[in-house]
Amino acid sequence: MSTIRVRTRRYSFQVHAEADPAYPFGSEVSGPHVAVAIARHVIGAEFTECVIAIFVDSRQRATGYADIARGTVNAVRLTPRDVLIPALHAGSIAIVLAHNHPSQDPTPSPADRSITTAIRDACTVVGLQLLDHLIVTRSRYFSFREDEGWT
């Protein structure tokens, strides 16, 4: 099975199929553990905050991801549009948003909560499901779905 990776640049992006990915794509996203493994592989060791969107198909399988934004040691700027365009182009049914905290503390900030609400609302408008927003570190993670009781 090949996977999709969307490389984004300001105002444009490319879709690349990876025939043999080194991360657990194709696995059912039945909980945050699969998405956490992907996020840790892609952005877990970064020294600045990075945001990715993991694409999920109609059978709840992870099919690819997109680098959405890269920021500073304690902040990153993004908008719902930055997440939705690559997700819609990749044909995903749902997404898992993930970003790292270089401080190694996965506690969400007020800005994390605000952007999560904005992206979740935007996903609803265009017919995508935001399955979760994860904050990952090397050893811990925070799941909005698990820790805040999303339904």
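**Exercise 1. Find which residue's charged end sits over the ring of Trp150, then work out which ring pairs Trp150 belongs to.**

Start with the charge. The charged end of Arg120 sits over the Trp150 ring, 4.0 Å from its centre. For that label, NZ of Lys or CZ of Arg has to be within 6 Å of the ring centre and within 35 degrees of the ring normal. A quick word on the source: this is a predicted model, where local features need pLDDT of at least 70, side-chain atom pairs count only at pLDDT 80 or more, and totals for chains, interfaces and linings use all residues. Residues are numbered from 1 along each chain as its sequence is written, and side-chain values use heavy atoms, with hydrogens and water left out.

Next, the rings. There are two aromatic pairs in the structure. Phe142 and Phe144 have ring centres 5.1 Å apart and planes at 85°, so they pair edge-to-face. Phe144 and Trp150 have ring centres 6.1 Å apart with planes at 35°, so that pair is tilted. The rule: rings of Phe, Tyr and Trp (its six-membered ring) pair if their centres lie within 6.5 Å, with planes under 30 degrees apart stacked, over 60 edge-to-face and the rest tilted.

Put together, ring pairs link Phe142, Phe144 and Trp150 into a cluster.

**Exercise 2. Decide whether Phe144 and Trp150 are buried or exposed.**

Buried means under 20% relative accessible area, exposed over 50%, partly exposed in between (1.4 Å probe, protein chains only). Phe144 has 2% relative accessibility, so it's buried. Trp150 comes out at 13%, so it's buried as well. Phe142 is buried too.

**Exercise 3. Describe how strand 3 and strand 4 fit together.**

First, locate them: strand 3 covers residues 50–56 and strand 4 covers residues 62–70. Strands (E, at least two residues) are DSSP runs, numbered from the N terminus, as are helices (H or I, at least four).

Now the pairing. Seven bridges join the two strands, which run antiparallel; DSSP has to find at least two bridges for strands to pair. Within this pairing, Ile54 stands opposite Tyr65.

Then the turn. The hairpin has five residues between the strands, and Gln60 takes a positive phi near 65°.

Last, burial. Eight of the nine residues of strand 4 are buried, so the rest of the structure largely encloses this strand.
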